[in-house]
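Dear colleague,

I am handing over the structure below, and after it you will find my notes on what was found. Please read the two together.

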Amino acid sequence: MRHEWDLTANFLDNYDNLFISPECTDGKYSFGDINSSITFNDADVIIFGIPLDVTSSFGQGSSKGPEAIRKTSARQIETFLFEEKIDIKNKIKIYDLGDISLPTNSGNENLFSYLNHIIPSVMNDLILLNKTPVVLGGEHTISYFCIKPFYPQRPLLIHFDAHRDLKPLYDGMKLCHTTHFFRLIEEGYLQGNDLIQIGIRQADEKENKIAEEFGVITFDSWSIKDDLETLLKYINNVTKNRNIYISFDIDVLDMAYVPCTGTPEPFGLDPFEVIKIVKSINMSANLVGMDLVETSHKNGDYREGTLSSQILLRILSRDYVRHL
């Protein structure tokens, strides 16, 4: 017990100046406005935001993701899950660290160097403390920094997205919002056959060939629309007794649901399909970590924050999110 207390105290001391507390972020609230009596030490799940938006190639705004999720989850959404007849507050203990403070007036190379140092360090310490990290983005590039520390556990990576994000290079950038999974595989942090991509409907020819060469498992949007049941059975079977990591890009949903995200695409999934897939993950699986990215809001439109919050609540209610 003393050792665990020391680890917890060291974590909070080491990173005290790194995080902007939830109440001091633009969102003004902790995720879900969870009871403040839950301490870091008590918590099963640790949430924090990385409001990064520096390589977006079309629409801007993903830096607003943590704000949109916190505000809607605290002020619009109730934590009682209607179809499950449970309140998330009675299911799992959540602690919100707030947002990582990003250096200003720094070029992308320096910024990424900083994130590559600090994010794996935070993740590794949370792993040592048996906490489940849930990261709110921010552009999808953050997955590169978040996933690397889990390599020793070799989790199955369940990737919800309209895009493959397997480009070797984009607009001269080796690391950006559409190259991060290629970099993880290239650097040996991820095996291609441990990557399941769900809802894909946009890629270039070279990227598609890369996915095939790496052995990436793909369920594109059309195959899901035609035969959702096959995907549900596959996910249930392949996740049995596996460590899993979920990387959830909000643009997996059809553009009608996510008008503010940076690269909205037609022919996407709907919220009911997404929840069925989330619930098909086998209960014997173990969620080691998660990121939820590319949420945005513009002109007072908080639909994406609402969807992200509702999806996250339903993931966190599942038994594959282990309690301490």
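Strand β10 pairs with strand β11 (residues 286-293) in the parallel sense over seven bridges, where strands, like helices, are DSSP runs numbered from the N terminus (E over at least two residues for a strand, H or I over at least four for a helix), and two strands count as paired if DSSP finds at least two bridges between them. Within this pairing, aspartate 249 stands opposite valine 293 in β11. The chain passes from β10 through α9 to β11 in a β-α-β crossover that is right-handed, meaning that, with the strands pointing away from the viewer, the path from the first strand over the helix to the second runs clockwise.

Please keep in mind that this is a predicted model, in which local features need pLDDT of at least 70 and side-chain atom pairs count only at pLDDT 80 or more, while totals for chains, interfaces and linings use all residues. Residues are numbered from 1 along each chain as its sequence is written, and side-chain values use heavy atoms, with hydrogens and water left out.

On its other pairing, β10 is joined to β7 by five bridges, and these two strands run parallel; here phenylalanine 248 in β10 is the bridge partner of phenylalanine 160. Six of the seven residues of β10 are buried, a term that stands for under 20% relative accessible area, with exposed meaning over 50% and partly exposed in between (1.4 Å probe, protein chains only).

Strand β7 also runs parallel to β8, to which four bridges join it, and isoleucine 158 stands opposite isoleucine 196 in β8. Between these two strands the chain crosses through helix α5 (residues 180-186), again in a right-handed β-α-β crossover. Strand β8 (residues 195-200) has six of its six residues buried, so it is largely enclosed by the rest of the structure. β8 in turn pairs with β9 in the parallel sense over four bridges, with isoleucine 200 opposite aspartate 220 in β9, and β8, helix α6 (residues 205-214) and β9 make a right-handed β-α-β unit.

Helix α9 (residues 271-280) has several buried residues, namely Glu273, Val274, Ile275, Ile277, Val278 and Ser280. What covers them includes β7, β8, α7 (221-226), α8, β10 and α10 (303-316). At the start of α9, a side-chain oxygen of aspartate 270 comes to within 2.9 Å of the backbone nitrogen of phenylalanine 272.

One residue of β7 that may interest you is histidine 159, which is buried, with a relative accessible area of 0%. Its side chain makes polar contacts with the side chains of aspartate 161, at 2.8 Å, and of glutamine 197, at 3.1 Å; a polar contact is a pair of N or O atoms within 3.5 Å, where within protein one must be able to donate a hydrogen and the other to accept it, and residues adjacent in sequence count only if both atoms are side-chain atoms. Leaving aside neighbours within four places in sequence, the residues in contact with histidine 159 include His140, Arg164, Phe181 and Ser247, contact being heavy atoms within 4.5 Å.

Turning to the aromatic side chains, the structure holds 12 aromatic pairs, counted when the ring centres of Phe, Tyr or Trp (its six-membered ring) lie within 6.5 Å, with planes under 30 degrees apart called stacked, over 60 edge-to-face and the rest tilted. The rings of phenylalanine 160 and phenylalanine 248 have centres 4.8 Å apart and planes at 35 degrees, so this pair is tilted. Because phenylalanine 160 lies in β7 (residues 156-160) and phenylalanine 248 in β10 (residues 243-249), the pair ties together parts that are 88 residues apart in sequence, and both residues are buried. Phenylalanine 219 and tyrosine 234 form another tilted pair, at 5.3 Å centre to centre and 45 degrees between the planes. Phenylalanine 219 counts as buried at 14% relative accessibility, whereas tyrosine 234, at 28%, counts as partly exposed. Ring pairs also link Phe11, Tyr15, Phe40 and Tyr95 into a cluster.

Finally, the charged end of lysine 85 sits over the ring of phenylalanine 82, 4.5 Å from its centre, and lysine 131 lies over the face of phenylalanine 40, at 5.4 Å from the ring centre; the criterion is NZ of Lys or CZ of Arg within 6 Å of the ring centre and within 35 degrees of the ring normal.

With best regards
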